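Please open the model in your viewer and keep the selection tool at hand. The tour below proceeds stop by stop, stating what to select and what is found there.

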Amino acid sequence: MYKTLLTETDRGTLVITINRPDKMNALNKDVIEDLGKALDDVYHNNEIKTAIITGAGEKAFVAGADISEFVGLGKEGGSELARMGQANVFNKIENCPKPIIAAVNGFALGGGCELAMACHFRIASANAKFGQPEVNLGLIPGYGGTQRLTQLVGKGKAMELMMTADMTGAEEAKSLGLVNYVVSLEELLPKAKDILQKIHTKAPLAIESIIACVNDAARCNPEGFDNEVERFGVCFTTEDMKEGTGAFLEKRKPSFKGK
Ligand code: COA
């Protein structure tokens, strides 16, 4: 079904593995196209409640956009590459109404760091390394890195990381707020799946609104507070809200239907 991805569904979680380990899982056109299709599946397939994005092998999550595809590009070609990637993959991940998390299993450089940052949150294995080394190539990040790294780690550190191209290890990435947990490579997918299983027990429409409202905050959207008020109200019209509050009052576990 996909040229460059492996996918499997485990208890409602689609695990998307970028599978070009001999090229450090670099994002070429095929990977971008395949990721776009896999994301359409996450959006539209009711069997899929959440997703994990990870990389094949033990060395790399994704070592960036495929540099060999940069050759011969001019201004329009460069902008188009960034625009298409952002629209079809990176923004689609961020705006997905279902949680998508990154399980970062090695190098997450350039577009790889940007891919992880587009996810709703990140878990790393101890060998993970993050960085935006585009400046080494005479480039800047083009898949949202200047924006999302600044949102996640703050302006000063983001400036430093992008200007120096320095790599950040997993523990430092955790202390910067770039990743939520650091675990062993063996524990990486189990940990990601465990968190998602917990999320599966919560109200899906409320989760969808949390994603939208937190994205507003991260983008400094001035409508963020108003959107929260609106969405809070909409929650009161859902069956899940009646179920959740009813279950609390009846001292039982809620069973949410996403309605
Ligand atoms: N684009 C295209 N090919 C890439 C790549 C990328 N971003 N990153 C790695 N590769 C390829 C290498 O060219 C090499 O291919 P080859 O075996 O056909 O020569 C293969 O993946 C293995 O990489 P290699 O550099 O030999 O591994 P390493 O362990 O010595 O170094 C990295 C690993 C990740 C540090 C190094 O590959 C690297 O710096 N990659 C580029 C990172 C980058 O600048 N990303 C931002 C892009 S905008």
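Begin by selecting Glu-160 and Lys-157, which form a salt bridge whose closest N and O atoms are 3.2 Å apart. A salt bridge here is a side-chain nitrogen of Lys or Arg within 4 Å of a carboxyl oxygen of Asp or Glu. Both residues lie in helix H5 (residues 155–164), 3 residues apart, about one turn of the helix. Helices (H or I, at least four residues) are DSSP runs, numbered from the N terminus. Glu-160 is partly exposed, at a relative accessible area of 36%, and Lys-157 is partly exposed as well, at 23%. In these terms, buried means under 20% relative accessible area, exposed over 50%, and partly exposed in between (1.4 Å probe, protein chains only).

The model is predicted: local features need pLDDT of at least 70, side-chain atom pairs count only at pLDDT 80 or more, and totals for chains, interfaces and linings use all residues. Residues are numbered from 1 along each chain as its sequence is written, and side-chain values use heavy atoms, with hydrogens and water left out.

Next, select Lys-37 and Glu-33 in helix H1. The two form a salt bridge, with the closest N and O atoms 3.8 Å apart. Because they are 4 residues apart in H1, about one helical turn separates them. An α-helix has 3.6 residues a turn, so residues three or four places apart point the same way. Lys-37 is partly exposed at 42% relative accessibility, and Glu-33 is partly exposed at 47%.

Remain in helix H1 (residues 29–44) and select Val-42. Is this residue buried or exposed? Val-42 is buried, with a relative accessible area of 0%. Now add Leu-14 to the selection: 28 residues separate it from Val-42 in sequence, yet their C-alpha atoms are 7.5 Å apart in space. Leaving aside residues up to four places away in sequence, Val-42 touches Leu-14, Ile-16, Ile-48, Ala-51, Cys-96, Lys-98 and Ile-100. Contact means heavy atoms within 4.5 Å.

The following stop is helix H3 (residues 111–118). Here 8 of the 8 residues are buried, so the helix is largely enclosed by the rest of the structure. Among the buried residues to select are Glu-114, Leu-115 and Met-117.

Proceed to helix H8 (residues 204–218) and helix H9 (residues 224–235), whose axes come within 9 Å and cross at roughly 170°. H8 is therefore roughly antiparallel to H9. The axes are lines fitted to C-alpha atoms over the stretch in contact, and angles run from 0 to 180 degrees between N-to-C directions; those over 145 count as roughly antiparallel. To view the contact, select Glu-208, Ser-209, Ala-212, Cys-213 and Asp-216 of H8 together with Gly-224, Asn-227, Glu-228 and Arg-231 of H9. These residues divide into 2 nonpolar, 3 polar and 4 charged. In this scheme Ala, Val, Leu, Ile, Met, Phe, Trp, Tyr, Cys and Pro count as nonpolar, Asp, Glu, Lys and Arg as charged, and the others, Gly among them, as polar.

Finally, select Glu-243 and Arg-252, whose side chains meet in a salt bridge (2.8 Å, N to O). Glu-243 counts as buried at 17% relative accessibility, whereas Arg-252 is partly exposed at 37%. Elsewhere, Asp-10, Arg-11 and Lys-193 are joined into one network by salt bridges that share partners. How many salt bridges does a search of the whole structure find? The search finds 13.

Technical notes: Helices (H or I, at least four residues) and strands (E, at least two) are DSSP runs, numbered from the N terminus. Angles under 35 degrees count as roughly parallel, over 145 as roughly antiparallel, 65 to 115 as roughly perpendicular and the rest as oblique.
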